[in-house]
Amino acid sequence: MIRTFRSHLGLIFDESFRHVARNSSWAIGSTAVTVGALFVETVVLARYLGRTTYGVYLLVIAYPEAVQLFLGFRTREAMTKYLGGFLARDEKDEAVAVVKLLWVVDMCVVTLAFAIVFFTAPLVAPHLTDDPSSTELMRVYGVAMLLGGLYATAGSILRVFDRFRLSFMTGAGAIALRLLIIVGLVVAGAGLEGIILGRVLAELAATVIIGFAAFVLLKNALWHERRSRIRALDGKKREIVHFLLHMNVQGSIRAAASKLDVIVVGALGGPGTASLYKIGVQFGASPFLLADPLFATVYPMFVRLHALGEHAQIRSIGRRISIVLGGVATPVAVLLAIWSEEIITFLVGESFSAAWLPMVIVLFAVLPSMLLYWGRAAMLAFGDAMSATKISGISLVVQFALLLTLVRPLGATGAALGMAGMYLVYAKMTLSYLRRRKLV
């Protein structure tokens, strides 16, 4: 019996899975640092600013981020797919060309997004926050978004080159520096304007740290091909444009699901309801945070395996990931649910205690999506961006139908039910797709 158990473990944890696990450990470590830093930042700012002012802060940053996400083409995914594919086939001229193309796309997007935020902030900010002074705060935060666009694809470049340790060091360093800036401003007694300026400074630091690391990697690998022009992609341009358009739609959907939802909840229920909802979602979706680093790990691998025609390996890795994640995430979710009210009250204060129910609702809704997170990586690696767009779009419609129906009568709890509906529909449709492709 012991031998049988060991043989099963050997099948699950073979060399390919161990490679995923090694890279995942760095990616999860980076996420752990990021989540920890953002968690501390949330607690510090919620306690320092109070429920209403913290709600204003959330709405001020949500609008510029939503605009950029609506306009953006999620070039991180495109960089992983095309740079990774070109390097796997040793097509270095095309690799340089796609880096240049996607950087130009990012620059156009962030410049347009900044212009939209700058000119529309006087119309949007007072309506959302009931505070005319928030107009300038939105404009200032737009500068942070502009800086962030300079290194949008840098993390993907590090992961394409399998430099997950370097990705951990640069990403963790940038977010730790941001936390230090925010805490320093709070200790100094800065107001909301000072905190927003701190976010701008933090984005500038991240641009320098992460962008420089990506530049050095590209220089070492592709310097001889640096003069390659974008027209080297002529045979691939139509495919890349098609992929980017779907990424734009998916980015807009994500913006609606993660940024516009806060704006809608704030418009229907006020800043106080928006802050309760945000706290509940932030705590409740915490297990799903594992999905992002794991996606970042397996997506480049799936791209390489697809380029080499190793689809059975993709299926094998994905299935084993779901098994391992299920064994880890489920008991963690149960424990978080049991202590939900105590956790929120202790960390962010009695005024946010009502966020425990939204937290629990979201907590159990995210689990199925998390177990199948690798499904989207498979879709994109196969070039099937249309299916990913369809699944995200239908999930979004469900979320906002529930938001518009439930926020007024149920407040933050109704908003959480909307988020839960989105996650559950997403999981169901992803599972159906994987079954059709015989990946589960």
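Hi everyone, this is a short walk through a pocket, a surface patch, some salt bridges and a few single residues in the structure above.

Please keep in mind that this is a predicted model, where local features need pLDDT of at least 70, side-chain atom pairs count only at pLDDT 80 or more, and totals for chains, interfaces and linings use all residues. Residues are numbered from 1 along each chain as its sequence is written, and side-chain values use heavy atoms, with hydrogens and water left out.

Let's begin with the pocket. When I say helix, I mean a DSSP run of H or I with at least four residues, numbered from the N terminus; strands would be E runs of at least two. A pocket here is an open set of points on a 1 Å grid over the protein atoms alone, where a 1.4 Å probe fits and protein lies on both sides within 12 Å along at least five of seven lines; a set the probe cannot get out of would be a cavity. Lining residues have an atom within 4 Å of a point. Grid points are joined across faces, edges and corners, and the volume is the space filled by probe spheres set on them.

The second largest pocket has a volume of about 450 Å³. Its lining holds 19 residues, and the closest to the centre are V99, K100, I157, F215 and L218. Helices α4 (92–129), α6 (154–160) and α8 (192–222) are the elements that each give two or more residues to this lining. The largest share, 6 residues, comes from α8. What is the lining of this pocket made of, in terms of nonpolar, polar and charged residues? The split is 14 nonpolar, 2 polar and 3 charged. For that count, Ala, Val, Leu, Ile, Met, Phe, Trp, Tyr, Cys and Pro are nonpolar, Asp, Glu, Lys and Arg are charged, and the others, Gly among them, are polar.

Now stay with α8 and go to the surface. L177, L180, L201, L204, V208 and I209 make a nonpolar patch of about 520 Å². The rule for a patch is over 30% relative accessible area and no salt bridge, with nonpolar side chains (Val, Leu, Ile, Met, Phe, Trp, Tyr) joined within 5 Å and like charges within 9 Å. Areas come from the Shrake-Rupley method with a 1.4 Å probe, and for residues only the protein chains shown count as cover. Helices α7 (164–187) and α8 each supply at least two of the patch residues, and α8 has the largest share with 4. One of the patch residues, L204, is found in α8 and is partly exposed at 41% relative accessibility. On that scale, buried means under 20% relative accessible area, exposed over 50%, and partly exposed in between, again with a 1.4 Å probe and protein chains only.

On to salt bridges, meaning a side-chain nitrogen of Lys or Arg within 4 Å of a carboxyl oxygen of Asp or Glu. The count comes to 8. Take R178 and E41, which meet at 2.9 Å, N to O. R178 sits in α7 and E41 in α2 (residues 15–71), so this pair ties together parts that are 137 residues apart in sequence. R178 is buried at 14%, and E41 is buried at 7%.

Another one joins R376 and E77, with the closest N and O atoms 3.5 Å apart. R376 is in α15 (residues 374–381) and E77 in α3 (residues 75–88), so parts 299 residues apart in sequence are tied together. Both R376 and E77 are buried.

The bridge between R139 and E136, at 3.0 Å N to O, stays within α5 (residues 134–148), its partners being 3 residues apart, about one turn of the helix. R139 is buried at 18%, whereas E136 is partly exposed at 44%.

A quick word on backbone angles. Most residues other than glycine have a negative phi. D90, in the loop between α3 and α4, has a positive phi near 60° and is exposed at 56%. K438, in the segment after α17 (412–436), also has a positive phi near 60°, and K438 is exposed at 64%.

Finally, two residue pairs. A125 in α4 is buried at 0%, and its C-alpha is 7.0 Å from that of V60, 65 residues away in sequence. V398, in α16 (residues 385–410), is partly exposed at 26%. V398 and L424 are 26 residues apart in sequence and 9.9 Å apart in space, C-alpha to C-alpha. Thanks for listening!
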